[in-house]
Amino acid sequence: MKDLFERIIRDKGPLGKWAKQAEGYYVFPKLEGKISDRMKFNGKEVITWSINDYLGLANHPEVIKADAEAAAEHGMAYPMGARMMSGHTEVHEQLERECADFVKKETAYLLNFGYQGIMSTIDALVTKNDVIVYDMDAHASIIDGVRLHHGKRFTFRHNDMESFEKNLKRAERIANETNGGILVISEGVFGMRGEQGKLKEIVAFKEKYNFRLLVDDAHGFGTLGKTGAGAGEEQGVQDQIDVYFATFAKSMAGFGAFVAGDDEVIQYLKYNMRSQMFAKSLPMPMVKGALKRLEMIRTMPELKKKLWKNVNSLQSGLKEKGFNIGHTNTCVTPVFLEGDIPEAMALVHDLREHHRIFCSIVVYPVIPKGMILLRLIPTAAHSLQDVEETIVAFSAVREKLEKGVYKEMAMSLEDLK
Ligand SMILES: Cc1ncc(COP(=O)(O)O)c(C=O)c1O
């Protein structure tokens with residue numbers, strides 16, 4: 001028999017094994033200053049492209065004021081306890097009504113944390129007789145939710161409707177045997193590559209197959225659709241989404257999340273989502289702060305307009321310079337380059353230290369070997385000046401990458417820091 005920690009200390013895990021070389025720079029970087037288009041990294045000002053503050057609300061004076069006033073009135077603890085026991089208030093219910101209205105659903109229920117919330121939503125919606133069919137590129141929170149499922153599950157190739165139908169057929173066969181139902185899960189927007197989930201195509205299959213659709217619209221909420229109700233509204237199928245989920249962590253620049261749908265379904269979830277029934281409710285400053293943010297999203301369409309102006313100028317500017325930005329049809333802007341991991345690290349180091357551009361970097365195994373994905377999140381807080389400087393910087397580093405400069409640098413990752 002082994003000591004349990006023997007493996008942990010030796011192995012460190014797939015990301016943890018890079019900690020010595022990467023921590024503090026490539027992972028766990030410390031961005032300082034107020035959340036905005038320009039923050040400090042390693043003591044220098046950088047243009048930040050890795051914060052999901054889509055509508056620029058994080059540092060809006062009205063938002064800060066609302067948060068501060070609520071904290072001064074209630075402290076951070078109120079209400080104490082889970083919603084079901086002692087953590088319930090009229091203000092929580094008001095936010096639920098407003099969230100439901102905003103996404104055009106009958107009822108909403110607040111979740112004290114998006115990640116656990118969606119896990120519990122999945123967990124509560126299915127029993128072992130039910131079958132889950134979900135997109136292969138799903139967010140970790142969805143995958144973890146599916147892990148809780150005791151019945152069958154099938155993945156379909158990302159946004160591939162042929163693969164979707166094939167797996168739906170498999171699911172149907174099993175569900176017929178077990179007398180269960182089928183839950184299909186997609187994201188409204190896939191956060192790495194920026195493609196919308198093919199919700200319109202997925203719901204068209206409802207004519208032929210009997211399933212319910214859960215959509216995680218973390219990146220679509222507030223950014224897509226005429227009123228900001230998300231990817232479903234953008235694609236004209238919001239009413240066909242049976243269970244809608246969004247987090248407050250992105251467009252709302254806050255904390256918490258909600259799930260929305262028909263009243264009967266949400267009432268069921270309210271009494272069956274374990275992560276909500278047995279955990280502390282969302283603190284009042286978060287709830288009052290969310291009400292303020294939602295009001296601003298509803299009444300200040302200029303925020304979304306400014307966001308999209310920046311998105312369009314960034315994406316068209318990159319395309320004009322010949323960059324491969326994949327198939328994004330959302331704000332998420334991926335830039336695909338070719339190179340190995342040490343080159344990617346040298347390139348990002350150059351971007352941060354010499355061009356003052358801070359963006360996230362994604363490499364194998366998240367994307368195929370030999371590819372580098374630089375992920376940019378434009379927001380309403382950015383300026384066209386930020387966009388211009390970034391495109392100039394990207395052109396410069398691409399040229400160096402193609403000339404093999406980053407390969408030649410052959411520095412150890414430790415030296416790069
Ligand atoms: C698609 C998706 N779902 C769920 C979550 C989890 O939300 P939260 O950060 O509120 O826990 C995230 C990340 O924020 C996400 O991107």
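Which residue in β14 is the bridge partner of S360? In this predicted model, that partner is R375. Here is a friendly walk through the strands, helices, domains and ligand shell around that pair.

**Strand pairs**

S360 belongs to a short pairing: strand β13 (residues 360-362) runs antiparallel to β14, and three bridges join the two. β14 also takes part in a second pairing, with strand β11 (residues 333-338), again in the antiparallel sense and over six bridges. Within that second pairing, V335 has L374 in β14 as its bridge partner. Elsewhere in the chain, strand β2 (residues 38-41) and strand β3 (residues 44-48) are antiparallel and joined by four bridges, with M39 standing opposite V46 in β3.

The table puts these pairings side by side.

| Strands | Sense | Bridges | A facing pair |
|---|---|---|---|
| β13 and β14 | antiparallel | three bridges | S360 and R375 |
| β11 and β14 | antiparallel | six bridges | V335 and L374 |
| β2 and β3 | antiparallel | four bridges | M39 and V46 |

β2 and β3 also belong to an open sheet of four strands, ordered β1-β2-β3-β12, with mixed pairing. At its edges stand β1 (31-32) and β12 (357-358); each has a single partner strand, so one side of each is left without a neighbour in the sheet.

**A helix pair**

Two packed helices are described by the angle between their axes and the distance between the axes. For helix α14 (residues 341-354) and helix α15 (residues 384-402), the axes come within 10 Å and cross at roughly 145 degrees. The crossing is right-handed. On the α14 side, the contact is made by E343, L347, D350 and L351, which meet A393, V397 and L401 of α15. By class, this contact holds five nonpolar, no polar and two charged residues.

**Two domains**

The domain assignment splits the protein into domain 1 (4-58 + 301-416) and domain 2 (79-282). Taken over C-alpha atoms, their centres are 29 Å apart. The contact draws 20 residues from domain 1 and 17 residues from domain 2. On the domain 1 side, α13 (301-320) and β11 each supply at least two residues. That side of domain 1 divides into 10 nonpolar, seven polar and three charged residues.

**Around the ligand**

What lies around the ligand? There are 13 residues, of which G114, Y115, H139, A218 and T247 come nearest. Helix α5 (residues 114-125) gives the largest share of this shell, three residues. By class, the shell has six nonpolar, five polar and two charged residues.

Methods. Residues numbered from 1 in each chain as written. Predicted model: local features only at pLDDT ≥ 70, side-chain atom pairs only at ≥ 80, totals over all residues. Axes fitted to C-alpha atoms, helices over the stretch in contact; angles between N-to-C directions. Left-handed = near helix turned anticlockwise from the far one by under 90°. Contact = placed C-beta atoms within 7 Å. Nonpolar A, V, L, I, M, F, W, Y, C, P; charged D, E, K, R; others polar. Near = placed C-beta within 6 Å. Pairing = 2+ DSSP bridges. Domains from an automatic or database assignment.
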